[in-house]
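Colleague: I'm new to this one. Could you walk me through how to read it?

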Amino acid sequence: MEVLSENRSFGGVQTVYRHPSNTCGCEMTFAVYMPPQTEDGHVPVLWYLSGLTCTHENAMTKGGFQQHAARYGLAVVFPDTSPRGDSVADDEAYDLGQGASFYVNATRDPWRGHFRMYDYITSELRSLVTENLPVADAHGITGHSMGGHGALTIALRNAEMYDSVSAFAPIANPTQSDWGRKQLSSYLGDDESAWSNHDSTILLEEHGWKGDILIDQGASDQFLDLLRPEALVDAMAKRRQPGQVRMQRGYDHSYYFVNTFAADHVEWHAQRLNSTRH
C-alpha cells in the first residue's frame with residue numbers, strides 16, 4: 001500500500017493509497033478516512049461505492065462523509081469504480097468500461113482479464129483494509145447510483161460479511177433498464193439467467209435481507225426511469241422487508257443530493273455497526 005496523499009480532516013486522517021491488485025491485474029487506487037477514535041482502538045468501517053464515471057476521489061471530496069464519520073467513529077473506504085490503465089479494456093461510451101464496472105466479475109472478452117470488481121471489493125480490498133488498518137469486524141456498505149446497485153447486490157449476496165446496507169439513488173433493477181442490460185450483456189453474455197445475481201430487486205425478492213434497509217432517492221432525479229426504484233419498492237413489499245425508501249422532494253442525482261443525506265446514512269450505519277461489536 002503506497003501512500004499517495006494524506007490530509008488531516010475533522011480530527012482524523014484522509015489517505016489515498018495505491019497497490020498492485022492480483023484480482024484486477026493492474027494497480028488500483030482507493031481512499032480511506034480514519035476517524036480520531038482510532039487513537040483509542042479499532043473502529044467499524046463503512047464501504048462507499050461510487051457511480052458511473054467516478055473514481056475513488058468523487059465521494060471523498062464531494063460527499064461530505066468525513067465530518068459525520070468523525071462524529072460517530074466510523075472509518076470510510078472509497079474504492080475506485082473499475083480497473084484502470086493502458087492495458088485495461090475500455091469503451092468510448094461513458095457507461096461501459098473504465099469507470100463503469102457495475103461491480104461484477106466479467107466473463108466475456110475483452111473485459112474478463114481485469115474487470116473483477118465483485119471479487120476485488122468482497123475479498124482482495126477487504127483483506128487489505130482489515131489486515132493493515134485499525135478497523136473492527138463490523139462492516140456496513142452503501143453507494144450511489146451504480147455504486148448503490150453494487151452495495152445492495154454485494155450485501156444481499158454476502159449477508160454474513162455485512163451488518164448494514166443502504167443506498168443513494170441505486171440502479172435498482174438493472175436487468176430491466178438500459179443502465180444494466182447493456183453492461184450485463186457486455187460483461188456476462190446474453191444469457192439473462194446469469195444477470196439475476198446482479199439485480200437487487202430480484203435478490204431481495206428471493207432472499208431478503210437480515211436487517212432493515214435505508215434508501216434515499218431524489219424525486220426530481222433526471223435518471224428515475226433508468227434507476228427503477230418502484231421495482232425495488234414492490235420487491236420489499238412482497239418480501240415484507242423492513243426498511244425505508246425515502247423519495248426526497250426536489251433533489252436530483254448529483255452529489256448535492258448525496259451530501260445532503262450523508263449524515264443520515266452515516267448515523268444509521270453507526271447505530272447498527274456499533275450494536276454488532278463485542
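Modeller: Sure, starting with terms: helices (H or I, at least four residues) and strands (E, at least two) are DSSP runs, numbered from the N terminus. Axes are lines fitted to C-alpha atoms, for helices over the stretch in contact, with angles from 0 to 180 degrees between N-to-C directions, and contact means heavy atoms within 4.5 Å. Here, helix α8 (residues 229-239) lies across β8 and β9, at about 155° to β9. This is a predicted model, where local features need pLDDT of at least 70, side-chain atom pairs count only at pLDDT 80 or more, and totals for chains, interfaces and linings use all residues. Residues are numbered from 1 along each chain as its sequence is written, and side-chain values use heavy atoms, leaving out hydrogens and water.

Colleague: Which strands does helix α4 lie across?

Modeller: Helix α4 (residues 146-157) crosses β4, β6 (135-143), β7 (164-168) and β8 (213-218), running at about 130° to β6.

Colleague: And what is the order of the strands in the sheet?

Modeller: Strands of a sheet pair through backbone hydrogen bonds, either parallel or antiparallel. Two strands count as paired if DSSP finds at least two bridges between them. In this model, 9 strands form an open sheet with mixed pairing, ordered β1-β2-β3-β5-β4-β6-β7-β8-β9. β1 (2-9) and β9 (243-248) are at the edges with a single partner strand each, so one side of each has no neighbour in the sheet. The twist averages 20° from one strand to the next.

Colleague: How many bridges join β4 to β5?

Modeller: Strands β4 (residues 43-49) and β5 (residues 75-79) run parallel, joined by 3 bridges. L46 has V76 as its bridge partner in β5.
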